[in-house]
Amino acid sequence: MKSYLDLLRTSGVGRIIAAQLTARFPSGMLSLAYLLHVEHLFHSYGAAGLVLATTSVGQAISGPLTSRWMGRWAMRPVLILTTLVCSATMIVVALLPAGVPLPVYMAVGLLGGLAFPPVQPAVRTIYPKMVTARQLTPLFSLDASAQEIIWVAGPVVTTFIATQISTVLAILIAAAFCLGGGAWFIFSPEVGRVRIPRSKRAFGKVLTRPTVLVVTVVGFVLIGACAAIEASVVASFGEGSVESGAVLAVFALGSLVGGLAFGHAPVGRWSLARRMIVFVVGAVFSVIAWEFWSLTAAVLIAGLAVAPALAVMFAAVSSSVKFSDTAEAYGWVGTGQLIGAAAGSAIAGVMIDHFDAKGGLAAAAGFAVFAFLVPVIFVRALPDLRGRDASPIPDTEPVQTLRP
């Protein structure tokens with residue numbers, strides 16, 4: 001824990017972590033808030049699913065695109081524009097009068113997805129300029145662990161407000177987090193001090209970097225497996241049940257604990273594969289789990305590997321691309337994870353319909369095995385950072401550093 005305490009004592013680190021978590025908090029609220037709100041209006045989960053789908057498509061398209069824009073027009077202008085537009089779309093969805101046709105909600109959702117602020121790529125581009133080489137991998141781990149707060153607290157807050165008060169208020173609170181947290185992050189000194197050089201490479205060219213491509217694929221199947229586990233747990237105990245909520249909380253807690261416990265470990269070529277072995281064990285165990293406690297133990301084991309694996313992936317990407325390409329690279333990784341979440345949920349849903357919850361967990365185990373095999377087969381594409389700096393490859397032009 002000493003390495004994390006040293007990190008938090010570093011100038012600006014605690015502030016930037018808290019600011020970016022606040023700005024990203026709507027990520028844990030919006031899907032559920034839209035689902036409950038649109039279903040309430042149209043009395044159809046299918047209608048709600050269409051709005052969520054268009055929003056997700058927008059996010060998938062915008063991730064690498066808006067991230068690249070930060071190198072062209074600087075971080076603050078892009079973040080300000082996207083934050084204002086995205087929060088405005090949330091407010092519009094919440095306040096549209098009764099009787100507005102579904103395609104309008106879908107169009108506004110698509111616009112909101114396209115304008116989703118690239119806070120995550122921005123902050124992970126800033127991190128290497130804030131800390132020493134020795135501190136960077138633990139910082140990525142702390143970031144990956146801390147984001148579990150979003151996925152645990154966000155749905156809880158949304159469910160309580162939407163069911164006890166109003167679905168409109170739930171969306172408006174998400175918009176308030178987007179605006180307030182976004183402003184906190186955007187006007188943090190670190191965001192103004194870091195300039196991303198304009199990339200000389202064509203858009204999408206960063207995906208030809210073997211490390212970026214491998215990490216994007218692993219992120220796709222890892223998050224797909226997590227989404228399949230979550231859907232299967234809900235199917236096992238019923239939506240809104242205490243048991244499903246408890247199991248999913250343990251899943252997130254395992255990720256948080258794993259990230260903090262193993263985040264300081266050196267990153268070698270086999271680090272990602274070793275973490276994926278733990279995830280595979282938990283995912284396979286979940287298929288044969290027979291009741292609440294055994295399933296809880298299984299997802300705890302799987303969860304222990306999630307944040308540590310993400311930390312390795314972030315460090316691998318950071319060390320393998322030029323600084324001007326880091327934001328776009330993280331944008332592609334985020335898009336891969338977003339598509340993976342949608343694919344995992346969809347495939348698990350089909351399997352649950354045909355084979356009950358065990359079918360969904362079997363799908364998750366299949367995703368997990370794939371997530372293990374990719375870094376094994378393509379191990380040479382992953383960097384060995386033991387004794388090396390995980391910072392991005394410098395560009396030719398000087399870049400201001402924030403390190404003390």
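**View 1. Helices α8 and α13 side by side.** In this predicted model, helix α8 (residues 133–146) packs against helix α13 (residues 242–262) at an angle of about 170°, and their axes are 8 Å apart. Because angles over 145 degrees count as roughly antiparallel, α8 is described as roughly antiparallel to α13. From α8, look for Ser141, Leu142, Ser145 and Ala146; from α13, the residues they meet are Ser255, Leu256, Gly259 and Leu260. Sorted by class, this contact of α8 with α13 holds four nonpolar and four polar residues, and no charged ones.

**View 2. Cysteines without a disulfide.** How many disulfides does the model have? The count comes to zero. Cys178 makes a good example: the nearest cysteine sulfur belongs to Cys86 and is 4.5 Å away, whereas a disulfide calls for sulfur atoms within 2.5 Å. Is Cys178 buried or exposed? With a relative accessible area of 4%, Cys178 is buried. Cys226 is buried too, with a relative accessible area of 8%.

**View 3. Two of the annotated transmembrane stretches.** An unreviewed UniProt entry carries the annotation "transmembrane region" for several stretches, among them residues 168–187 and residues 358–379. In the model, the span of residues 168–187 is 95% helix and 0% strand, and its end C-alpha atoms lie 28 Å apart. For residues 358–379, the end C-alpha atoms are 31 Å apart, and that span is 91% helix and 0% strand. The same annotation also covers residues 73–96 and 207–233, to name two others you may like to find.

**View 4. Ser286 and the residues it touches.** Here we visit helix α14 (residues 271–288), where Ser286 has its place. Is Ser286 buried or exposed? Its relative accessibility is 1%, so Ser286 counts as buried, the cut-off being under 20%. Leaving aside residues up to four places away in sequence, Ser286 touches Leu295, Ala298, Lys358 and Leu361. One of these, Lys358, belongs to the annotated stretch 358–379 met in the previous view.

**View 5. Leu213 and a residue far along the chain.** Our last stop is helix α12 (residues 210–237), which contains Leu213. With a relative accessible area of 44%, Leu213 is partly exposed. Which distance separates the C-alpha atoms of Leu213 and Gly336? They are separated by 9.7 Å, although the two residues are 123 residues apart along the chain.

Notes: Residues are numbered from 1 along each chain as its sequence is written. This is a predicted model: local features need pLDDT of at least 70, side-chain atom pairs count only at pLDDT 80 or more; totals for chains, interfaces and linings use all residues. Side-chain values use heavy atoms; hydrogens and water are left out. Axes are lines fitted to C-alpha atoms, for helices over the stretch in contact, and angles run from 0 to 180 degrees between N-to-C directions. Helices (H or I, at least four residues) and strands (E, at least two) are DSSP runs, numbered from the N terminus. Angles under 35 degrees count as roughly parallel, over 145 as roughly antiparallel, 65 to 115 as roughly perpendicular and the rest as oblique. Contact means heavy atoms within 4.5 Å. Ala, Val, Leu, Ile, Met, Phe, Trp, Tyr, Cys and Pro count as nonpolar, Asp, Glu, Lys and Arg as charged, and the others, Gly among them, as polar. Buried means under 20% relative accessible area, exposed over 50%, partly exposed in between (1.4 Å probe, protein chains only). UniProt positions are given in the numbering used here, feature names are shortened, and annotations may be inferred rather than shown by experiment.
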